[in-house]
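User: I want to learn how to read a sheet in a model. Can you take me through one?

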Amino acid sequence: MFRLTQYMHELITPTPVRRRTGPVKPVVIWNLTRRCNLRCRHCYTTSADVPFPGELTHEQAIGVLDDLKAFGIPALILSGGEPLSRFDFFELAERAKELNFRHLSLSTNGTRIAKNIDRIADIGFDYVGISLDGLGAKNDWFRGVEGAFVEALDGVRACKAKGVKV
């Protein structure tokens, strides 16, 4: 994530470089699906609201989670397309939580959070990232769907109401 105020501060007063002790392990951002309910102008996954042939089966996806844990990955971010569009999203998220990654996050467009907030809160994500591209109509224009801004804000509010860091 890019935080402009932090960046500007670092230009004037840079944080000293930390010395690493031990191996550096990657954060994994896993695009679970290309399926998405929005039509973002800047989409890098060429997503659409259709099923995509060749995506992992449930069993294959569970295997990937097990492999990531075996590799010692400390942090996992579930993303997409829109990850909540995947048919087995909640089962995968629950399995990831069971595997006890040090940090488990969800990266979403936010439009499906409000109606699924109880399950999202129950899983216990460490963080839910909801993407916005401006206010109101500007966001909707970027996201290609009228009302996407309001739905994303509803998702933010739902997270806040349930105590989910967002």
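Analyst: We will go from strand order to pairing to crossovers. Note that this is a predicted model.

User: In what order do the four strands lie in the open sheet?

Analyst: Read the order from one edge to the other. Here it is β1-β2-β3-β4, and the pairing is parallel.

User: Which are the edge strands?

Analyst: Look for strands that pair on one side only. They are β1 (27-31) and β4 (127-130). From one strand to the next, the twist averages 20°.

User: How many bridges join β1 to β2?

Analyst: Two strands count as paired with at least two bridges. Five join β1 to β2 (residues 75-79), and these strands run parallel. To fix the register, take one opposed pair: V28 faces L76 in β2.

User: What about β2 and β3: over how many bridges do they pair?

Analyst: Four, in the parallel sense. I77 has S105 in β3 as its bridge partner. Between these strands the chain passes through α3, making a right-handed β-α-β crossover.

User: Where does helix α3 lie?

Analyst: For a helix on a sheet, ask which strands it covers and at what angle. Helix α3 (residues 89-98) lies across β2 and β3 (103-108). It runs at about 155° to β3.

User: Through which helix does the chain cross from β3 to β4?

Analyst: Follow the chain out of one strand and into the next. The path goes through helix α4 (residues 117-123), and this β-α-β crossover is right-handed. β3 and β4 pair over four bridges, in the parallel sense. S107 sits opposite G129 in β4.

Key. Residues numbered from 1 in each chain as written. Predicted model: local features only at pLDDT ≥ 70, side-chain atom pairs only at ≥ 80, totals over all residues. Heavy atoms only, no water. Helix = DSSP H or I, 4+ residues; strand = E, 2+ residues; numbered from the N terminus. Axes fitted to C-alpha atoms, helices over the stretch in contact; angles between N-to-C directions. Contact = heavy atoms within 4.5 Å. Right-handed = clockwise from strand over helix to strand, strands pointing away.
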